[in-house]
Amino acid sequence: MHWRRTVKSLLEIFKEQQATNDKKKKGNYPFQHRGESSTQALVRTTSKLFHDTKYNCAQELTTYLRSLGAVPQEHDNKSVLYHRFVGNRFHIYFLSSGCLYYNSKSIINFFNDVFPPKNAVPTAVYNSLQLEDLTIACQALGIIGKVLTGPWMKLLGMKENRCILDLNQHFKEAYDNVTAWSVDSSPLLQQDAPCAFSSVKVKKDSVFDSLVESTAFDEATCNLIQKLC
């Protein structure tokens, strides 16, 4: 099982599923590239609001979120509110989706109360964050990041996994867990959510807490995760 190909397949499922949904919506996404799903476009473009000064809100948005104590606990030492998007980084969609889900309500409030969006990209991000299906998609990707892709990155850094052959047992374990989640993913929305790899613990932080907090969309999120698995 080629792990990068597996993650690419997860994202392809998002593209196919959301292509139909996007056609039903009025308007379009001015930040969406050809071949992207709306969720991928939202995750990528939100990074620009934090890291690209041409949108004129990076400093104000960062200051506002910090004033709310919105820096995820996992990243306190680095003070990371939202990661700079680099498309060829493994795990970036999953990591950033979790951060976006965690901060989404605060970003909406920022545009409502502090800094009304003044051009197409901030406006598109603001509008997209209020769409239920994109909220569910970000939650699903963020959860997968916590239990699968994030632990995988940590697993690669362990000294005992220097040889590719050492990873075979981990591949098999992850395959078995993902197969089980394709039938019932509800355990992933719990505080004791299991990790795909028994040798790695799920990173519990404020992002994780927000991802597993019960909402009216729990069933939809579970269904989406099951389709991805």
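Is Leu189 buried or exposed? With a relative accessibility of 8%, which is under the 20% limit, Leu189 counts as buried. The legends below begin with an overview and come back to this residue in the last view; the model they describe is a predicted one.

**View 1. The whole protein chain is built from helices.** The protein chain contains 9 helices and 0 strands, so that its pattern along the sequence reads α-α-α-α-α-α-α-α-α, in keeping with how helices and strands are numbered from the N terminus. Of its 229 residues, 49% count as buried. Among the contacts in the protein chain with a separation of 6 or more, 67% are accounted for by residues 24 or more positions apart.

**View 2. Helix α4 is long enough in residues to check its span, and it bends.** Helix α4 covers residues 92–113, and because each residue is taken to add 1.5 Å, its 22 residues should span 32 Å, which agrees with the 30 Å between its end C-alpha atoms. The helix bends by about 55° at Asn103. Most of α4 is covered, with 16 of its 22 residues buried.

**View 3. Helix α2 is mostly covered.** The 14 residues of α2 reach 20 Å from the first C-alpha to the last, close to the 20 Å expected at 1.5 Å a residue. In this helix 12 of the 14 residues are buried, and among them are Ser38, Gln40, Leu42, Arg44, Leu49 and Phe50. One of these buried residues, Arg44, meets Glu36 through their side chains in a salt bridge, with 2.7 Å from N to O, and Glu36 is buried as well.

**View 4. Two further salt bridges involve lysine residues.** Side chains of opposite charge can pair when their charged atoms come close. A search of the whole structure finds 3 salt bridges, and one of them joins Lys146 to Asp205, with their closest N and O atoms 3.0 Å apart. Lys146 lies in helix α6 (residues 132–156) and Asp205 in the loop between α7 (168–181) and α8 (206–212), so this pair ties together parts that are 59 residues apart in sequence. Both Lys146 and Asp205 are buried. Another salt bridge is formed by the side chains of Lys172 and Asp176, at 2.8 Å from N to O, and these two residues both lie in helix α7, 4 residues apart, which is about one turn of the helix. Lys172 is partly exposed because its relative accessible area of 48% falls between the limits of 20% and 50%, and Asp176, at 36%, counts as partly exposed for that reason too.

**View 5. The largest nonpolar core draws on many helices.** This core has 66 residues, of which Leu42, Leu49, Leu65, Leu100, Ile107, Leu148 and Phe197 touch the most other members. At least two residues of the core are supplied by each of α2 (38–51), α3 (58–67), α4, α5 (120–128), α6, α7, α8 and α9 (218–228), while α6 gives the most, with 12 residues. When its neighbours within four places in sequence are left aside, Leu65 is in contact with Phe50, Ala70, Leu81, Asn103, Ser106 and Ile107; of these, Asn103 is also the residue at which α4 bends.

**View 6. Helix α5 has a capped end and buried residues.** At the N-terminal end of α5, Asn119 acts as a cap, with a side-chain oxygen lying 3.3 Å from the backbone nitrogen of Val121. Val121 is itself buried, as are Pro122, Ala124, Val125, Tyr126 and Ser128 of this helix. What covers these buried residues includes α2, α4 and α6.

**View 7. Asn56 and Leu189 are two loop residues.** Asn56 has its place in the loop between α2 and α3, and its phi is near 60°, a positive value in a residue other than glycine. Asn56 is exposed because its relative accessible area of 53% is over 50%. Leu189, by contrast, is found in the loop between α7 and α8 and counts as buried at 8% relative accessibility. Not counting residues up to four places away in sequence, Leu189 touches Gln139, Ile143, Val212, Asp218, Thr221, Cys222 and Ile225. Leu189 and Ala140 are 49 residues apart in sequence, and their C-alpha atoms are 9.5 Å apart in space.

Methods: Residues are numbered from 1 along each chain as its sequence is written. This is a predicted model: local features need pLDDT of at least 70, side-chain atom pairs count only at pLDDT 80 or more; totals for chains, interfaces and linings use all residues. Side-chain values use heavy atoms; hydrogens and water are left out. The expected span of a helix is 1.5 Å times one less than its number of residues. The bend at a residue is the angle between axes fitted to the seven residues ending there and the seven starting there. Buried means under 20% relative accessible area, exposed over 50%, partly exposed in between (1.4 Å probe, protein chains only). A salt bridge is a side-chain nitrogen of Lys or Arg within 4 Å of a carboxyl oxygen of Asp or Glu. A nonpolar core is a set of buried Ala, Val, Leu, Ile, Met, Phe, Trp, Tyr and Cys residues joined through side-chain atoms within 4.5 Å. Contact means heavy atoms within 4.5 Å. A polar contact is a pair of N or O atoms within 3.5 Å; within protein, one must be able to donate a hydrogen and the other to accept it, and residues adjacent in sequence count only if both atoms are side-chain atoms.
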